[in-house]
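Biologist: I'd like to learn how to read pockets and cores in a model. Can you walk me through this one?

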Amino acid sequence: MASNQTTEQAPLTGLMALLVRIERLGNKLPHPFWLFGVLSVVLALVSWALSAAGASALNPASGKTVTVHSLVSGDGLRMMINDAVTNYATFPPLGTILVVMLGVAVADRSGMLPAMLRGAVARVPARWLTFTLAFTAMVAHAASDAAYVVLVPLGALAFKAVGRSPMLGAVVAFVSVSAGYDASPLVTPTDAVLAGLTTAAAQTVDPGYVVNPLSNYFFSIGSSVVLAAVITVVTEKVIARRVAAMPDEPEPGDQDAPDAHDAAGSPASLTLGADERRGLRNAGLALLAYVVVVVAAMVPVSSPLRGEGGSIVQSPVLTGIAVVLAVAFLIAGAVYGRAVGTVRSGRDIPDHMAKGLREMAPILVLFFAISQFLAYFKWTGVGEVMAIRGADLLKSAGITGPWAFLGILLVCTLINLLVTSGSAQWALVGPVFVPMFMLLDIPPEVTQAVYRIADSCTNAATPMSAYFVMTLGVVQRYRRSAGIGTLLSLTLPLCLTMLAAWTLLFYAWWALGIPLGPGVPVR
């Protein structure tokens, strides 16, 4: 990799120099697993000091006085040992993400998701290619991190096929997947993870509060369309011109160009084969039939798929959306696999599930560290006291919703440059921000919607992201001299514009009082 060539050509100044310093600082951070271990030690020391000082606060929601308990005590030690397994097993996102990924794994390993993404950009007119690729990336968020692996090289191939810079196509795909990660017209595994973490944070104030994975669905749909449009405009007006202005450089031979790959790992062109087209058609029909059956089953007021009093919002379909989504992906993936030969028997389905869950192993390991830290945080009462005191401070300073939202955006956007794991970051700041804002009469779902913006936009502007490095590798296959500075210079204008546009969209959404999701008012 030639990652240092660009930085040797001219000294870095201004923003680029700042980003390099951020990269160096970020590289010194430990793995998120150990980061939460370090934070647990810090929490133990803080809880000990605050407990010794008699720190407390009056919870206005319950009317009870909250005191800080020290982890550095007999009770604290017993809690950490006795509750470790329970803390992990009852961690809200754990079961949800595992259930959803059982279905997603079948859809991915059967080849349906890669084929769907390829088919979305295969026959698009050149003038619509940028928007189509960007919006396809928003849909691809349902495939989680697999979207990067499939779509970034496919974006390069798609642009090259219509005579445009493949480097530009790779950048559009990368930014669309990365900087727009928390926006999608579909319900994604990320929705389930964030909802679980937000639920855990909200229950420090209201033990019965539950945040649904669909709580930000309407806002997510609107965001995906707006962001795809913003990416298109900035790409065509700014990024394409910058790429065109770069010094000419002989393009590497075809043997160096990145190939898109199907689920089995063999090279795949943008054009779908007859079996793949038939598979997608059959999968679409099967998915449509599944949706019709579920909707029809919910029509009778006395249906068991309705909630109490015939409620649709509180129905098992929505409260148990993880199972509904898993079955949807499972059916579509299995039907597709039968058509193309990647699912030959019933045995292949659990095999695909197992392979998909093996890829989840790093997240499951990280979840153990996060679940312990959150349990300690809740047990000590430090987060609740901080939230109450912080809310009192904001009230006394006259800081209301709009200004408080900016605070979350600023803090989380900066943290995101170093902690690129969205679940890890939300596990870190959610237990403070969610309760604090609840005491300011701001629903947890609103706080979560604001966090989505901060968690996404700078993903494509930090070398701390493994997929930033992956994209750089794809770009370098088309332009050998490209380095970190090259990629940053192409992603930064997109990231900053997306951050501004997405923030304005949220404020407009909030001002108009549009529901964030089914049965979720913005106030």
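Modeller: Sure, starting with the pocket lining: in the second largest pocket it splits into 26 nonpolar residues, 1 polar and no charged. Here Ala, Val, Leu, Ile, Met, Phe, Trp, Tyr, Cys and Pro count as nonpolar, Asp, Glu, Lys and Arg as charged, and the others, Gly among them, as polar. Keep in mind that this is a predicted model, where local features need pLDDT of at least 70, side-chain atom pairs count only at pLDDT 80 or more, and totals for chains, interfaces and linings use all residues. Residues are numbered from 1 along each chain as its sequence is written, and side-chain values use heavy atoms, with hydrogens and water left out.

Biologist: How much space lies in the second largest pocket?

Modeller: Rolling a probe the size of a water molecule over the atoms shows where empty space is left. A pocket is an open set of points on a 1 Å grid over the protein atoms alone, where a 1.4 Å probe fits, with protein on both sides within 12 Å along at least five of seven lines; lining residues have an atom within 4 Å of a point. This one holds about 710 Å³, the space filled by probe spheres set on the points, which are joined across faces, edges and corners. Of its 27 lining residues, the closest to the centre are L186, L287, V291, L325 and A328.

Biologist: Which element gives the most to that lining?

Modeller: Helices are DSSP runs (H or I, at least four residues), numbered from the N terminus. Here α13 leads with 9 residues.

Note on methods. Helices (H or I, at least four residues) and strands (E, at least two) are DSSP runs, numbered from the N terminus.
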